[in-house]
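Q: Please take a close look at a single part of this structure, and explain in connected sentences how that part fits with its surroundings.

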Amino acid sequence: MTIVIEYPPGDPGTPPHRHPGPAFGYVLEGEMVFELEGEPPRVVRAGEAFWEPGGEVIHYQDGNNRDDVPVRFTVTMLCEPGKPMVDLVTEDELRAKGWSRK
């Protein structure tokens, strides 16, 4: 499945989640804060790509890094037909892993 996602200025994005399969993306405009489990947060700017392996890896952040312009990106996610593309992570699991949003 390929979709285009747009977040307004300052939007925190999707809450921490997982994808059952790999996801590949490209920032069309603006800047996205991108954070995967086991990696430091980084900023992905317009014209840059990102990916995540899916499976058990938590995708902590994908929000807009700017408070003055929107961010728009496209993402292609692979998974088994009929299964959800996004699985939100519970607060209990986040606490157990010692992660909290600042």
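A: What follows is a close look at strand S8, which spans residues 71–77. The model is a predicted one, in which local features need pLDDT of at least 70 and side-chain atom pairs count only at pLDDT 80 or more, while totals for chains, interfaces and linings use all residues. Residues are numbered from 1 along each chain as its sequence is written, and side-chain values use heavy atoms, with hydrogens and water left out. The mean pLDDT of the protein (pLDDT is the predictor's confidence in each residue, from 0 to 100) is 93, and 97% of the residues reach 70 or more.

S8 belongs to an open sheet of four strands (a strand is a DSSP run of E, at least two residues, numbered from the N terminus), and the order in this sheet is S1-S8-S3-S6, with antiparallel pairing. The edge strands, each of which pairs on one side only, are S1 and strand S6, residues 49–52. Two strands count as paired if DSSP finds at least two bridges between them; S8 is joined to S1 by six bridges, and six bridges also join S8 to S3. From one strand to the next, the twist averages 25 degrees (between N-to-C directions of axes fitted to C-alpha atoms, on a scale from 0 to 180 degrees).

The pairing can be followed residue by residue. On the S1 side, Val 71 of S8 has Tyr 7 opposite. Arg 72 in S8 is matched by Glu 29, and Thr 76, also in S8, faces Phe 24.

In a regular strand the side chains alternate between the two faces of the sheet. In S8, Val 71, Phe 73, Val 75 and Met 77 make up a covered face, whereas Arg 72, Thr 74 and Thr 76 form an uncovered one.

S8 also takes part in the largest nonpolar core (a set of buried Ala, Val, Leu, Ile, Met, Phe, Trp, Tyr and Cys residues joined through side-chain atoms within 4.5 Å). This core has 14 residues, of which Val 27, Met 32, Phe 50 and Phe 73 touch the most other members. Strands S1, S3, S4 (31–36) and S8 each supply at least two residues, and the largest share, four residues, comes from S8. Met 32 touches, among others more than four places away in sequence, Val 71 and Phe 73 of S8, together with Val 27 and Phe 50. Apart from this core lies another, of five residues, including Ile 58 and Trp 99.

Finally, Val 4 shows how the neighbouring strand S1, in which it is placed, reaches S8. Leaving aside neighbours within four places in sequence, Val 4 is in contact (heavy atoms within 4.5 Å) with Arg 72, Phe 73 and Thr 74, and also with Leu 28. The C-alpha atoms of Val 4 and Leu 28 are separated by 9.1 Å, although the two residues are 24 apart along the chain. Val 4 has a relative accessible area of 52%, and therefore counts as exposed, since exposed means over 50%, buried under 20%, and partly exposed in between, with a 1.4 Å probe and protein chains only.
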